[in-house]
Amino acid sequence: MYYPKTFNLGDIVETKKEHPCGSKQWEVIRVGADFKIKCLGCNRIVMLPRPKFEKSVKKVIKSAEIPENEQ
Ligand SMILES: [Zn+2]
C-alpha cells in the first residue's frame, strides 16, 4: 500500500508490528531526523530515527495535512 514519504505533526500512522499494549496506531508528535511517536493505546512516547520510522510504518491512517485552503 502506498503511503506518503512526508509526514506531518498530528498524523496518525499504523505500524507493522503492534506495541506490547496491543495498539498499532501512533500519533506523530515530532518530525525531523528523529521522529517521536505516541502510542494511541497506552500514550507511551517512542523516539526513533527517521529511516527506522519509515520502515516500521505500514500506512497513514489519518493525515493532519489539509489538502485545500479555506477561503
Ligand atoms: Zn502502547
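In the predicted model, five strands form an open sheet in the order 4-3-2-1-5, with antiparallel pairing. Strand 4 and strand 5 are the edge strands, each pairing on one side only. From one strand to the next, the twist averages 40°. Apart from the five strands, the secondary structure of the protein includes one helix. Read from the N terminus, the elements follow the pattern β-β-β-β-α-β, so that the helix precedes the last strand in sequence. Of contacts between residues at least 6 apart in sequence, 35% join residues at least 24 apart.

The pairing of strand 1 (12-15) may be described on both of its sides. Strand 1 is joined to strand 2 in the antiparallel sense over three bridges. Towards strand 5 (residues 57-62), four bridges are found, and the two strands again run antiparallel. Glu14 takes part in both pairings: Gln25 stands opposite Glu14 in strand 2, and Lys59 is the bridge partner of Glu14 in strand 5.

On the other side of the sheet order, strand 3 and strand 4 form an antiparallel pair over five bridges. Among the paired positions, Asp34 stands opposite Pro49 of strand 4, and Lys36 has Met47 as its bridge partner in strand 4. Strand 4 spans residues 45-49, and because the number of buried residues among these five is zero, strand 4 lies largely in the open.

The hairpin of strand 3 and strand 4 has five residues between the strands. Asn43 is placed in this loop and has a positive phi of about 65°, although Asn43 is not a glycine. Most residues other than glycine have a negative phi. Asn43 counts as exposed because it has 10 C-beta neighbours inside 10 Å, where the exposed class is limited to 12 or fewer.

Of the 71 residues of the protein, 14% count as buried. The largest nonpolar core consists of nine residues, namely Phe7, Val13, Trp26, Val28, Phe35, Ile37, Cys39, Phe53 and Val60. Strand 2 (25-30) and strand 3 (34-39) each supply at least two residues of this core. Strand 3 gives the largest share, three residues. In soluble globular proteins, nonpolar side chains tend to be buried together. Val13, one of the core residues, is in contact with Trp26, Val28, Val57, Val60 and Ile61 when neighbours within four places in sequence are left aside. Of these partners, Trp26, Val28 and Val60 are likewise listed in the core.

The loop between strand 1 and strand 2 contains Lys16 and Ser23. Lys16 is exposed, because 10 other C-beta atoms lie within 10 Å. Not counting residues up to four places away in sequence, Lys16 touches Ser56 and Lys58. The C-alpha atoms of Lys16 and Lys58 are separated by 5.2 Å, although these residues are 42 residues apart along the chain.

Ser23 is partly exposed, because 16 other C-beta atoms lie within 10 Å; a residue would need 20 or more to count as buried. With neighbours within four places in sequence left aside, the contacts of Ser23 are Glu18, Cys39, Leu40, Gly41 and Cys42. Cys39 is also a member of the largest nonpolar core. Between Ser23 and Cys42, 19 residues apart along the chain, the C-alpha separation is 8.0 Å.

Key
Residues numbered from 1 in each chain as written. Predicted model: local features only at pLDDT ≥ 70, side-chain atom pairs only at ≥ 80, totals over all residues. Contact = placed C-beta atoms within 7 Å. Core = buried A, V, L, I, M, F, W, Y, C linked by C-beta atoms within 7 Å. Pairing = 2+ DSSP bridges. Axes fitted to C-alpha atoms, helices over the stretch in contact; angles between N-to-C directions.
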